[in-house]
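Biologist: Thanks for sitting down with me. Could we walk through this fold together, helices to begin with and odd backbone spots afterwards?

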Amino acid sequence: MKNKCVVILFSLLIVTGISAQKNNLLKLWYNHPSVDTWENALPLGNGRLGAMVYGDVVDENIQLNEATVWTGSPGNNGNPNSLSALPEIRRLVFEGKQKEAQNLADKTMESEDKGQMFQPVGNARLHFDGQQQYTNYYRELDIERAVAKTTYTSNNINYTREVFTSFPDQVIVMRLTANKPGSITFTASLTTPIINSSIATNNKNEVVVHGVTADHEGVKGMVRFNAIMKVKNKGGKLVQTDSNLTIIGADEAIVFISIATNFNNYHDISGNENKRAETYLAKAYTKNYSILLKNNIAFYQKFFDRVRLNLGETEAVKNPTDERLKNFASGNDPQLVSLYFQYGRYLLISSSQPGGQPANLQGIWNDKLKPAWDSKYTININTEMNYWPAEKTNLAEMHEPLINLVKDLSKTGRETAKVMYGARGWVAHHNTDIWRITGPVDKVYSGVWSMGGAWLCQQLWEKYMYNGDIKYLKDIYPVLKGSSTFFLDDLVEDPRNQWLVINPGTSPENSSKALGGSSFDAGCTMDNQIVFDMFSITMQAAKKLQIDASFIDTLMKTRNRLPPMHIGKYGQLQEWLEDIDDPNDKHRHISHLYGLFPSNQISPYRTPDLYSAAKTTLIERGDISTGWSMGWKVNWWARMLDGNHAYKLIQTQLSPLGRNLGGGGTYPNLFDAHPPFQIDGNFGCTSGIVEMLMQSQDGALHLLPALPDVWKKGSVKGLRARGGFEIISMEWDNGKLIKAVIKSELGGNCRLRVPNPISGKSLQEATGVNSNPFYQARDIKKPVISDKATIQPLIPPASFLYDRNTVKGEIFTITAIKNRSMISLNKYRQL
């Protein structure tokens, strides 16, 4: 009997160990405190409130943000002096005097208000006296439940702290428990770095912070905020001073933090921050902790649980997250990629919720009064990158704040288009903020780039490509039309070749020695690509809505006069119209590859010369760069159908900061390191992982387009593709598709491109052009190729094309055919 009990106990221990290991798969966890380092703290958020949980034993710190706590107040920043100087600036650029043109622009186009700053609210601090000695330390962020937890043993008592930011109740909640009654003793306080502020307790046993954000760039700070902390203790007693609360000998304590501002929208700050914060707190305080937690998890998981990714796991999953990060590049830890992928989705859910502000340069998390780049919305890549995962990773609702920001910019941008360019329509440059400014931000070297609004419009169109919602299309059409109208007025004829070009234009934040140290030029490649896309999506939208026939005709004629892409003497895709690229240029922005990703102007099947030139450019620029740039490169190499190189970039990005000489990496809490922290790198890599597993931009739903050798076996559930298709499930083994279950939300032809032969009901050999309107490729002009260029032909990996007609709501299954010899390979290779 004794031996039998031992066997049962041993079996239970094994099962428990396996269960614990499985439960750790979607957790960031550590066996040491953050040691008061922000990049070690763990992020929580509900789209409006952000919290960074440090997990330090004696002095716990929860750093606090609220999405609308920004400096400044309503206003715009277009410089009216621009209009009269514009003809001279353009003349100088066309004459090759770019530096002179930029010097003139410095005086006439630069804005006084260079954008406002996202600022922190402060910190919730909890001091635990007598716990300097502790063992069994553990802290985690459970991204499957959106809960942070810290556990440790001190004085032979086991302590647990659990924190979450409630989505439905709009407060931050922290629960403190111990395994011995009467053991919870601590002092709680609030602090703030905001200068114009006050901190005090009130007669409700609350600590309250009132503050007003700072003046900045000559704009008066007028955002008022109110933060309240209140503790509900079970047992023990509460002692209040003029600035803090002390809990003595409680069995349990629950800390509530409520924050609100007077911000209503970008032109209205008449809200009552005190009433809002008090209302959130009052409603949450009366609820049982278990109900608060249960409701929050349910709200969060209705988004998070839509997608599952399994790339396999090894013994590495047993190690703390920071150790896994150190070992990833040289080890075998495929599950860390799955964790990082899902972490990106977690961060987007946590920083971007319907009705709120979009995720900014740091999402919703910032501890500095003067953050890098003001933690604004940098719309020459970074803001767009934040939302690349939204549709494809089944988080369409998270896209809404960005969609609304673009609608706002289409209103504020009308004034800027008129006063700066004398143009109709609307424009936004390379940066904006909570006040929806649309004029140049920072120095004109990077600030005078008039493509920001048009690039953001591609996000609006992208959403339509996934949902096919005509009502939504009608809603966004005026925004698209307004942006295209601006370019109709702003494009000018290049006297050297009669193409229509943007002048002054830039290739974001980059230059060439041939331009004399200036960033200014005419007809930069990315400008041409974005204007091409802007006209194209506006025409498609108008045709679908059966309106504006004459406007469509005007756009078509103007689009035909845009410059084609150019391939230079090194076989590279030119960044400028002139062949002046430096093959040793390692600049973080490779803006002219916008046409490869996120656009679809460059294709291995439709534009082989441009496809080859894009690869040459990628190789010349190299892999190591800032964190976000490496995230973009994962997507580019996936579009190059090179999964092994895309995976190499993931390895480089998932390296501790400092390892990549001259480049970025990843912080211990898996935040992307530019450095400093920029959240777009997280989102960019999440998008890239999807692009390795599924693409839908090039005339077909392409399954496993860039699968690296190391992901030999795996599965994914819940990814979404253009045309309303959802991958209910997909499995692969040894690089081959085994089975996929696909749902058609909109109906229509589903053209599949797969790496191996498949079978399924009503599946047919693909012929001709895909009839599905969401998969229509645009005609791209043949590139201008330098006489000195050597084009290296690239043959895309073998693939097979099938068509499957679907009806709305239908689910169908495809499976692998084991006998490959029965199908002709070349038969399926072409679109």
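Modeller: Gladly, and please keep in mind that this is a predicted model. Here is a place to start: the crossing of helix H12 with helix H13 is left-handed.

Biologist: At roughly what angle do the axes of H12 and H13 cross, and are the two helices parallel or antiparallel?

Modeller: H12 covers residues 452-467 and H13 covers residues 470-490, and their axes come within 10 Å. The axes cross at roughly 155°. Angles over 145 degrees count as roughly antiparallel, so H12 and H13 are roughly antiparallel.

Biologist: Which kind of residue makes up the contact of H12 with H13: nonpolar, polar or charged?

Modeller: From H12 come Ala454, Cys457, Leu460, Trp461, Lys463, Tyr464 and Asn467. They meet Ile470, Tyr472, Leu473, Ile476, Val479, Leu480, Ser483 and Phe487 of H13. The contact of H12 with H13 holds two polar residues, one charged and twelve nonpolar.

Biologist: Let's move to H14 and H15. How are these helices oriented, parallel or antiparallel?

Modeller: The axes of H14 (residues 525-545) and H15 (residues 549-559) come within 10 Å and cross at roughly 155°. H14 passes H15 in a left-handed crossing. With the cut-off at 145 degrees, the crossing angle makes H14 and H15 roughly antiparallel.

Biologist: And how many residues of the contact of H14 with H15 are nonpolar?

Modeller: On the H14 side the contact is made by Phe532, Phe535, Ser536, Thr538, Met539, Ala542 and Lys543. The H15 side brings Phe551, Ile552, Leu555, Met556, Thr558 and Arg559. Two residues of this contact are charged, three are polar, and the nonpolar ones number eight.

Biologist: Now a helix with buried residues. Where around helix H3 do the buried residues lie?

Modeller: H3 runs over residues 98-108, and its buried residues are Gln98, Ala101, Gln102, Ala105 and Thr108. An α-helix has 3.6 residues a turn, so residues three or four places apart point the same way. Seen down the axis of H3, the buried residues fall within an arc of 130°, so they line one face of the helix.

Biologist: Which helices do the buried residues of H3 pack against?

Modeller: Two partners come up here, and they lie in separate stretches of the numbering. The buried residues of H3 pack against H2 (82-94) and H11 (444-447).

Biologist: Take asparagine 635 next. Is this residue buried or exposed?

Modeller: Asparagine 635 sits in helix H17 (residues 627-639). Beyond its neighbours within four places in sequence, asparagine 635 is in contact with Trp388, Phe597, Gly684, Ser687, Gly688 and Glu691. Its relative accessibility is 0%, so asparagine 635 counts as buried.

Biologist: Now the odd backbone spots. Which peptide bond leading into proline 504 is cis or trans, and what is its omega near?

Modeller: Most residues other than glycine have a negative phi, and most peptide bonds are trans. Proline 504 lies in the loop between strand E21 (500-501) and H14. The bond from asparagine 503 to proline 504 is cis, with omega near 5°.

Biologist: What is the peptide bond from proline 675 to proline 676, cis or trans?

Modeller: Proline 676 is in the loop between strand E24 (672-673) and helix H19 (680-693). With omega near 5°, the bond from proline 675 to proline 676 is cis.

Biologist: Phenylalanine 677 is in the loop between E24 and H19 too. Is phenylalanine 677 buried or exposed?

Modeller: Leaving aside neighbours within four places in sequence, phenylalanine 677 is in contact with Trp38, Gln362, Trp365, Tyr667, Phe671, Asp672 and Asn682. Its relative accessible area is 3%, and under 20% counts as buried. Phenylalanine 677 is therefore buried.

Biologist: One last item: what is the phi of leucine 641 near?

Modeller: Leucine 641 is in the loop between H17 and helix H18 (643-653). At 9% relative accessibility, leucine 641 counts as buried. Its phi is positive although leucine is a residue other than glycine, and the value is near 65°.

Technical notes
Residues are numbered from 1 along each chain as its sequence is written. This is a predicted model: local features need pLDDT of at least 70, side-chain atom pairs count only at pLDDT 80 or more; totals for chains, interfaces and linings use all residues. Side-chain values use heavy atoms; hydrogens and water are left out. Axes are lines fitted to C-alpha atoms, for helices over the stretch in contact, and angles run from 0 to 180 degrees between N-to-C directions. Helices (H or I, at least four residues) and strands (E, at least two) are DSSP runs, numbered from the N terminus. Angles under 35 degrees count as roughly parallel, over 145 as roughly antiparallel, 65 to 115 as roughly perpendicular and the rest as oblique. A crossing is left-handed if the near helix is turned anticlockwise from the far one by less than a right angle, and right-handed if clockwise. Contact means heavy atoms within 4.5 Å. Ala, Val, Leu, Ile, Met, Phe, Trp, Tyr, Cys and Pro count as nonpolar, Asp, Glu, Lys and Arg as charged, and the others, Gly among them, as polar. Buried means under 20% relative accessible area, exposed over 50%, partly exposed in between (1.4 Å probe, protein chains only). The arc is that of the directions from the helix axis to the C-beta atoms.
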